Amino acid sequence: MRKKKKKIKFKGIVASILAFAFLFFFQVDVNDKNVNMAKDLFQTVKSLFYSITIDTNYEVGVVSRVVDGDTVVITVGGVEKKVRLVGVNTPESVGRYAKKPQPYGKEASKFTKEKLDGKQVYLEKDVSDTDKYGRLLRYIWLEEPDKSKIEEIMFNAILLKEGYASVMTYPPDVKYSKTFVKIEEKARNNKTGLWKTKK
């Protein structure tokens with residue numbers, strides 16, 4: 001909630017500056033120098049607006065440890081936070097399952113470690129901030145988020161695509177649920193990963 005308020009506050013400030021730039025543009029004498037000044041100001045404010053929008057929508061951190069296929073520890077602003085990937089579930093391989101992992105659990109953990117350990121990532125929140133265990137609930141992007149490339153750069157989706165996870169949706173965190181179902185369906189049809197032995 002704090003982050004949402006911050007975003008609204010920033011947008012209010014930016015909107016005020018844009019309004020000022022707009023008024024300035026139409027109040028100045030029409031000569032090349034003043035028009036160019038107004039255009040420069042407008043471009044600067046527009047860049048600031050995009051920068052603020054990205055910064056308030058996503059957190060950037062570094063993966064410091066992989067717990068299992070769908071849970072990692074990420075350092076954000078010098079603080080380590082345990083993060084549970086939203087909307088997906090990998091077979092268990094730690095805790096009470098350490099001696100007898102679920103089928104494909106170790107493979108999922110290994111894949112997540114290979115792809116995420118030590119990497120800088122972008123964290124995207126849905127509606128809920130944490131689960132009942134206090135873990136942050138997030139979508140993890142390998143690069144600056146681009147929803148047109150979700151299967152290539154969002155790790156939650158990659159786990160589904162490569163057959164290391166199945167869809168697990170708990171409302172209200174359903175932002176990508178329809179997309180996730182389609183990705184899982186393709187993995188099932190192709191008998192990818194854990195779907196090799198499942199019907």
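Leaving aside its neighbours within four places in sequence, with which residues is arginine 138 in contact? In this predicted model, arginine 138 lies in strand β6, and its contacts beyond those neighbours are Glu59, Val83, Arg84, Leu85, Val86, Leu123, Glu124, Lys125, Ser128, Asp129 and Asn156. The relative accessible area of arginine 138 is 4%, which is under the 20% limit, so the residue counts as buried.

Strand β6, in which arginine 138 is found, belongs to a closed barrel of five strands that runs in the order β1-β2-β3-β6-β5, with mixed pairing. From one strand to the next, the twist averages 55 degrees. Within this barrel, strand β1 (residues 58–68) pairs with strand β5 (residues 120–124) in the antiparallel sense over five bridges, and glycine 61 has valine 121 as its bridge partner in β5. Helix α3 (residues 105–116) lies across β1, β2 (71–76), β5 and β6 (136–141), and runs at about 140 degrees to β1.

A second element, helix α6, comprises the 13 residues 177–189, for which a span of 18 Å is expected at 1.5 Å a residue; the C-alpha atoms at its ends are 18 Å apart, in agreement with that value. The buried residues of α6 are Ser177, Phe180, Ile183, Glu184 and Ala187. Because these buried residues fall within an arc of 120 degrees when seen down the axis of α6, they line one face of the helix. The face turned away from the buried side of α6 carries the exposed residues Lys178, Lys182 and Asn189. Among the elements that cover the buried residues of α6 are β4 (88–89), β6, α4 (150–153), α5 (155–161) and β7 (166–167). Just after the helix, lysine 191 takes a positive phi of about 50 degrees.

Phenylalanine 180, one of the buried residues of α6, also has a place in the largest nonpolar core, which holds 34 residues and in which Ile74, Ile140, Trp141 and Phe180 touch the most other members. In soluble globular proteins, nonpolar side chains tend to be buried together. With neighbours within four places in sequence left aside, phenylalanine 180 is in contact with Val86, Gly87, Val88, Tyr139, Ile150, Met154, Asn156, Ala157, Leu160 and Val167. Val86 and Asn156, which appear in this list, are also in contact with arginine 138.

Conventions: Residues are numbered from 1 along each chain as its sequence is written. This is a predicted model: local features need pLDDT of at least 70, side-chain atom pairs count only at pLDDT 80 or more; totals for chains, interfaces and linings use all residues. Side-chain values use heavy atoms; hydrogens and water are left out. A nonpolar core is a set of buried Ala, Val, Leu, Ile, Met, Phe, Trp, Tyr and Cys residues joined through side-chain atoms within 4.5 Å. Buried means under 20% relative accessible area, exposed over 50%, partly exposed in between (1.4 Å probe, protein chains only). Contact means heavy atoms within 4.5 Å. Two strands pair if DSSP finds at least two bridges between them. Helices (H or I, at least four residues) and strands (E, at least two) are DSSP runs, numbered from the N terminus. Axes are lines fitted to C-alpha atoms, for helices over the stretch in contact, and angles run from 0 to 180 degrees between N-to-C directions. The expected span of a helix is 1.5 Å times one less than its number of residues. The arc is that of the directions from the helix axis to the C-beta atoms.
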